Amino acid sequence: MFSQTHQDFELIVIDDNSTDDTAHYLSRISDSRLQIITTSGVGASRARNLGIAQAKGEYIAFLDADDFWMPTKLERQVHFHQCHPELAATFTNYQHVTEQYEPIIDCFGYWNQFQSDNRHYIIMEDALPFVLQNNVIGTSTVMIKSEVFKDTEPFDAALKYGEDLDLWLRICENHPLGAINSIDVGYVMRLGSTTQTNDNRLRNLKTLEAILHRYTSAHLYWNLSASALRSSKARILEGYADYHRCLNQPLSASCLVYAP
């Protein structure tokens, strides 16, 4: 964080009941820009919301514990926002890496997004259909204008999963979005992540389905095309199919994929 080429920032660290010597590490940092908030197991959404409430800057960016920023990440995004003040939020591409920090694949490449787009800075006036259909926004890549939270509620702490997607969608309802077509964040893929257990996967898929239902039931209000809704549903059905495949339930997987 302190190696960023853009140095005009405040760093708010939410230490949410860590057990990995984080508190001791932070105590050794002497920098007036650092503010530490210690909590006791409030969870990711509430922790981020505490940071949002304490932030004094014009822009707010997130960095989860397992992720890391490339040195020019903040500089690129601040420049983008300053050139296009109408943007409520921006996001970048990110690189999946192993626990040994070996590259696996970048997010835009995996989802085949922006591959043929030669623009480095992409403005998305009507971002809602795109975000519904494409799972390409990593939380640690996002920068949001702080004034957005004057009329948009922050992360929904009642959601156990998909609270980031829920927020991006709510921002897109009324604001344009920007994408930076470069890898500016690294995301560590850890083996045995608790979010990937079978029970959690099923819960997560149901949560995503509930988030999508809000837009499906009012698609005319949001002016969402039928193709955008079909693509959104197909992505969730693929998740269900993969869930049943992992449980060796191929018939259930087939029925889900080809459901009308």
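1. Start with the crossing of α7 and α9. In this predicted model, α7 passes α9 in a left-handed crossing. Helix α7 covers residues 198-216, and helix α9 covers residues 226-246. Their axes lie 10 Å apart, at an angle of about 165°. Angles over 145 degrees count as roughly antiparallel, so α7 is roughly antiparallel to α9.

2. Which residues of α7 and α9 meet? From α7 come Asn198, Arg201, Leu202, Leu205, Lys206, Leu208, Glu209, Leu212, Tyr215 and Thr216. From α9 come Leu229, Ser232, Lys233, Ile236, Gly239, Tyr240, Asp242, Tyr243 and Cys246. By class, the contact of α7 with α9 has ten nonpolar, four polar and five charged residues.

3. Helix α7 also packs with helix α6, residues 163-172. The axes of α6 and α7 come within 10 Å. They cross at roughly 15°. The cut-off for roughly parallel is under 35 degrees, so α6 runs roughly parallel to α7. The crossing of α6 and α7 is right-handed.

4. The α6 side of this contact consists of Leu165, Asp166, Leu169 and Arg170. The α7 side consists of Leu208, Ile211, Arg214 and Tyr215. How do the residues of the contact of α6 with α7 divide into nonpolar, polar and charged? Five are nonpolar, none is polar and three are charged. Note Leu208 and Tyr215 of α7: they appear in the contact with α6, and they appear in the contact with α9.

5. Now the strands. Strand β1 spans residues 11-16 and strand β2 spans residues 34-39. The two run parallel, joined by six bridges. Asp15 stands opposite Thr38 in β2.

6. What unit do β1, helix α1 and β2 make? They make a right-handed β-α-β unit. Helix α1 consists of residues 22-27.

7. Ile12 is a residue to inspect in strand β1. Leaving out residues up to four places away in sequence, Ile12 touches Gln35, Ile37, Gly51, Gln54 and Ala55. Gln35 and Ile37 fall within the range of β2, residues 34-39.

8. How far apart are Ile12 and Ile211 in sequence and in space? In sequence they are 199 residues apart. In space they are 29 Å apart, C-alpha to C-alpha. Ile12 sits in strand β1, whereas Ile211 belongs to the α7 side of the contact with α6.

Note on methods: Residues numbered from 1 in each chain as written. Predicted model: local features only at pLDDT ≥ 70, side-chain atom pairs only at ≥ 80, totals over all residues. Heavy atoms only, no water. Axes fitted to C-alpha atoms, helices over the stretch in contact; angles between N-to-C directions. Helix = DSSP H or I, 4+ residues; strand = E, 2+ residues; numbered from the N terminus. Parallel < 35°, antiparallel > 145°, perpendicular 65-115°, else oblique. Left-handed = near helix turned anticlockwise from the far one by under 90°. Contact = heavy atoms within 4.5 Å. Nonpolar A, V, L, I, M, F, W, Y, C, P; charged D, E, K, R; others polar. Pairing = 2+ DSSP bridges. Right-handed = clockwise from strand over helix to strand, strands pointing away.
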